[in-house]
Amino acid sequence: MSKSKLEYIWLDGYKPTQNMRSKTKVIENFGGNLKDCPMWAFDGSSTKQAEGGSSDCLLKPVAIYPDPDRVNGFLVMTEVLNPDGTPHESNGRATIDDDDDDFWFGFEQEYFFWDTEIDKPLGFPKKGFPSRPQGPYYCSVGSDNVAARSMVEEHLDLCLDAGLEISGINAEVMLGQWEYQVGPLPALEVGDQLWVARWLLERIGEDYGLRVELHPKPIKGDWNGSGAHI
């Protein structure tokens, strides 16, 4: 019997910023479609989504993509439900009215790969700041201007192999800062794909021992911030 690895991805209950969580379910003779993904559960007391005495929360599959980094793997985006099947209060996706498919959206997600040993963006010196101010780094090429291109290219390939509607990438204004674009797509689809693309980016960061930094202003002063522009 063939076995498939389904990575169930969800958003936790942390405030003001939710984190991504995931765990793997192994299924025999999986059909490869969303309808073949069963409901699952998790311990909400470990994700700020339930109390310890009644901690079950449900995971409702809402989108599925091939996992380009695993044999027989799939990435399953989910919504969090209460045990009675109603949307959990942390489930913002369930509040989106996407009946009118004339409205399409695109996201530009800016981010840094962060060197945790020096607590600075990748490419920054251990002490101080880069010798040149902002200007040469935007949409640049060359070892003086770019950091982490190999990881950015790896992320792009994984997203495309997963079937995500990634429409472009570019180096951003600050050294070590990059951007990818998702969409245009209807609201629910573009949101699902943005989160799955972020999850793949975080997974690549694990391989290199780097953090993905989405903070809107990680370095004070005349240095560019990051956003998720719509």
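Buried means under 20% relative accessible area, exposed over 50%, and partly exposed in between, with a 1.4 Å probe and protein chains only. The model is predicted: local features need pLDDT of at least 70, side-chain atom pairs count only at pLDDT 80 or more, and totals for chains, interfaces and linings use all residues. Residues are numbered from 1 along each chain as its sequence is written, and side-chain values use heavy atoms, with hydrogens and water left out.

**Exercise 1. State which elements make up the chain, and in what order.**

Step 1. Helices (H or I, at least four residues) and strands (E, at least two) are DSSP runs, numbered from the N terminus.

Step 2. The chain has 2 helices and 11 strands.

Step 3. Starting at the N terminus, their order is β-β-β-β-β-β-β-α-β-β-α-β-β.

Step 4. The radius of gyration, taken over C-alpha atoms, is 19 Å, close to the 17 Å that the globule rule gives for 230 residues, so the chain is as compact as a globular protein of that length. That rule is 2.2 Å times the number of residues to the power 0.38.

Step 5. Of the 230 residues, 46% count as buried.

**Exercise 2. Check the span of helix α1 and find which of its residues are buried.**

Step 1. The expected span of a helix is 1.5 Å times one less than its number of residues.

Step 2. For the 13 residues of α1 (residues 149-161) this should give 18 Å, and the end C-alpha atoms are 18 Å apart, which agrees.

Step 3. The buried residues in α1 are M151, V152, H155, L156, L158 and C159. They cover an arc of only 165° around the axis, so they lie on the same side of α1. The arc is that of the directions from the helix axis to the C-beta atoms.

Step 4. An α-helix has 3.6 residues a turn, so residues three or four places apart point the same way.

Step 5. The cover over these buried residues includes β6 (104-115), β8 (166-171), β9 (177-186) and α2 (187-208).

Step 6. Just after α1, G163 takes a positive phi of about 85°.

**Exercise 3. Describe the surroundings of Q109.**

Step 1. Q109 is in strand β6.

Step 2. With a relative accessible area of 3%, Q109 is buried.

Step 3. Contact means heavy atoms within 4.5 Å. Not counting residues up to four places away in sequence, Q109 touches W178, E179, Y180, L194, R198, L214, G227 and A228.

Step 4. The side chains of Q109 and R198 make a polar contact (2.5 Å).

Terms used
Polar contact = N/O pair within 3.5 Å; in protein donor to acceptor, adjacent residues only side chain to side chain.
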